[in-house]
Amino acid sequence: MNAIEIRGLTKSFRGMYALDGLDMTVPQGAIYGFIGENGSGKSTTEKCICGHLVPDKGKIELFGKPYTDAGVRVRVGALIENTGCFPNSSVYSNLMMQAINLGVKDRAGEIERVLKIVRMEDNAKLTFKKCSLGMKQRIGIAMALLGDPALLILDEPINGLDTDGMRLMREILVDITQNLGCTVLISSHILGELEKIATHYGIIRQGKMIKEISAAEMDGRSRAYVSVKTRDIEGAARLLAGRFKTEYDGEYLNVYGVDDASYISTCLLQNGHFISEIRQDKVGLEQYYIDLMSGKEAL
Amino acid sequence: MENANVLQFEKPSFFERLKGMLGVDFYRLFHTPLFYIFIAIAAFIPALVLMGGAQGENAMYTNAWQIIAADSPLYVISNMGQYANMNMVFIFGGIMVSIFIGHDYQSGYVKQLFTTHAKKQDYMISKTLLGAFSMLCMCVTYMIGGMISGAAAGLPFQINAGALLCAILGKMIMSLGWASLYTFINIIFRRKFGISIALCFVLGTGIPVIGAAALVGNSPALNIFLYGSSVYACLSANFISVLVCLACSVVWAAIYNILGTIVLYRRDVY
C-alpha cells in the first residue's frame, strides 16, 4: 500500500498555477525526499495533503483512504514552514496541547517519549521563544511524532541547522522510520543531507512531478567519473575522447564511465600528460538534479 | 518496503474529535493570562462605568441591578445607563475571542489542528463553545463586580428576583450566539486580525441594531438579532424572555457554525 497517492493535483492562486496536475506516489515506510526549486510547489503539495489548502482538482489518498478521512488524518504529523508552537508557552505545554488535541491517553509518558527521541528531555520547561532554531526544529519534530503518526510531512526541517543539528535530525528520521514504521515525506534544498537518508525521491518543477525515483534506482544510474587536472586539458581531452565521454567544468576534466582512476592516470602519463590532481567520484543526487533540470538527464 | 506494516486507522467519533479540540482550547485558555485578564476586566467595568457616570439627580443608575440589565427592552437609548450593562461583556468577549483565534493563526498552531482534524466543523464548534464559556465567566465576574460597585455607590438592591434571574440567565444564554458570531468573523478575516477585532467590537456594541432601532423604533422584531435579544433580557424579563434568548442564541449559533464550516471547507485555512 502507498502512504501517499496523488493524481492530477491542481492548485492555483489568483489564476497562477502552483500545482499543475501533480502525480505523486510515496510507498509506505519510505523516506521520500521531495526536491524542487523555490516556488516549484513543494509546500503547496504538503499543505494540500494536510488539508490546509483546498485543491482545485485532483485526488489525494493517504494509506488508500481519501485524505479527508478523519481516521487517517489523526495519524499525520506535520512540520510545515514553522513548528506551530505558542511562543510564550513552555516546550512541555506546547507538547501537552498537541497530546490533548490528538486524544493521547498517557500524555506525560508520550511527551517524555518524544522528547527523548529528539534529545530534548532536559529542556521541557524552557519557554518556546527562548529555544534556539535547532531546538525549535526538534520540538517541531516532537510535535509531529506525538500520537503514533503513520505519516510525517516535514517541510525543510534541516534548514538553518548546524552540522551537529543536521546529523541529529538525520539520526532521528532514520530512527523513526526504521523503529516506528513511519513514512516520511521530507522536502529540502540540502540535497547532500537528503541523499544520506532518503529511500525515494520526487522531483517537482513548476507544479509538475518530473521524476520519481528510488534511491536504489538512483544508485544504479549514478555514473562513476574521474576528475583530472592537467596543464594540457585540451590534449588530455582529445586523448580520452575516443574511449570516454569527457567534459571540462572550467577546472577539472571529468571523464565519465570509468571507475578506476589508475587507468586514466596511466593512460595520461604514458602519453606525456603531467597530472597535478586526480580524484574518483560518482554523479550524486545534486548533479542528477541539476542535469534533470537542465535537460541533460533524460526524464 | 521491508518495514511497512499493515496499519489500522480507527475513525474517531464526533465526540472524541470534539473532546480533543475542546481539550486543547481549554488547556490554552486556563494556561495563558488572556482569560484571566478579561474576566478581571469584566469585574472592573461596573466600577469604571459608575465612576465615570453622572451622580446625584442625573445618575446613570437608580438601582444596583441596573448595572446588570436595563429596566425595559429599549433599543432606542436615551442615556448611557440604559446601555451600559452586562451587554458590555459581549464587546470585550468579542475582543477576547479575536485575540484567542488570532493567536491560533499567528503562532501557526492552527496548522496542527487542521492537519489532525479533517472535519473542519470541529474548529468552529470548539471555538464557539470556548467563547461562550469565557463570556459566561465574564458575565459572572461582571455581576459580582456590579454588585460590589453598586453597594459601594450606595445604590438600592430592591428588585423582582424572578425578573432579575431571567435577565441574568437570558444574557448568559446569549453568550453562545455572540461567541459563534465572533468565531465566524474571525474565520472570515482570519489573516486580517485588525479587521476581525474592529468588526467584533462594532457588532458587540450593537451599533447596527441601535441604528435600526432609530429608524423602526423599539420594535420586538429586533429581538431576532443577537443584540436585540441581549437587550430583551432586562429587569422586566420573564420566562418567555429567556426562551426568546435561547431560541435566538441557538439559531444564530447554528447558522454561524454552518456558514463558518462551509467557509473553512471551501477556502484555504492557512
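Biologist: How do I read the fold of chain B along the sequence, and what pattern does chain B follow?

Modeller: Walk from one end and note each helix or strand in turn. In this predicted model, chain B reads α-α-α-α-α-α-α-α-α-α-α. That is eleven helices and zero strands.

Biologist: How compact is chain B?

Modeller: Compare the radius of gyration with what a rule for globules gives at that length. For chain B the radius is 20 Å, close to the 18 Å that the rule gives for 270 residues, so chain B is as compact as a globular protein of that length. For the outline, the C-alpha trace of chain B spans about 85 × 35 × 35 Å along its principal axes.

Biologist: And what share of chain B is buried?

Modeller: Count the neighbours around each residue; a residue with 20 or more other C-beta atoms within 10 Å of its own is called buried. In chain B, 50% of the 270 residues pass that test.

Biologist: What about contacts along the chain, how far apart in sequence are the partners?

Modeller: Set aside the close neighbours first. Of the chain B contacts between residues at least 6 apart in sequence, 82% join residues at least 24 apart.

Biologist: Now the contact between the chains: how many residues does each one bring?

Modeller: Chain A brings 41 residues and chain B brings 36. On the chain A side, helix H2 (70–73), strand S6 (76–79) and helix H3 (91–101) each supply at least two. H3(A) gives the largest share, six residues.

Biologist: What kinds of residues make up the side of chain A that touches chain B?

Modeller: Sort them by type, and you get 21 nonpolar, 15 polar and five charged.

Methods
Residues numbered from 1 in each chain as written. Chains lettered and ligands numbered in written order. Predicted model: local features only at pLDDT ≥ 70, side-chain atom pairs only at ≥ 80, totals over all residues. Contact = placed C-beta atoms within 7 Å. Helix = DSSP H or I, 4+ residues; strand = E, 2+ residues; numbered from the N terminus. Nonpolar A, V, L, I, M, F, W, Y, C, P; charged D, E, K, R; others polar. Rg over C-alpha atoms; globule rule 2.2 N^0.38 Å. Buried ≥ 20, exposed ≤ 12 C-beta atoms within 10 Å, placed from the backbone.
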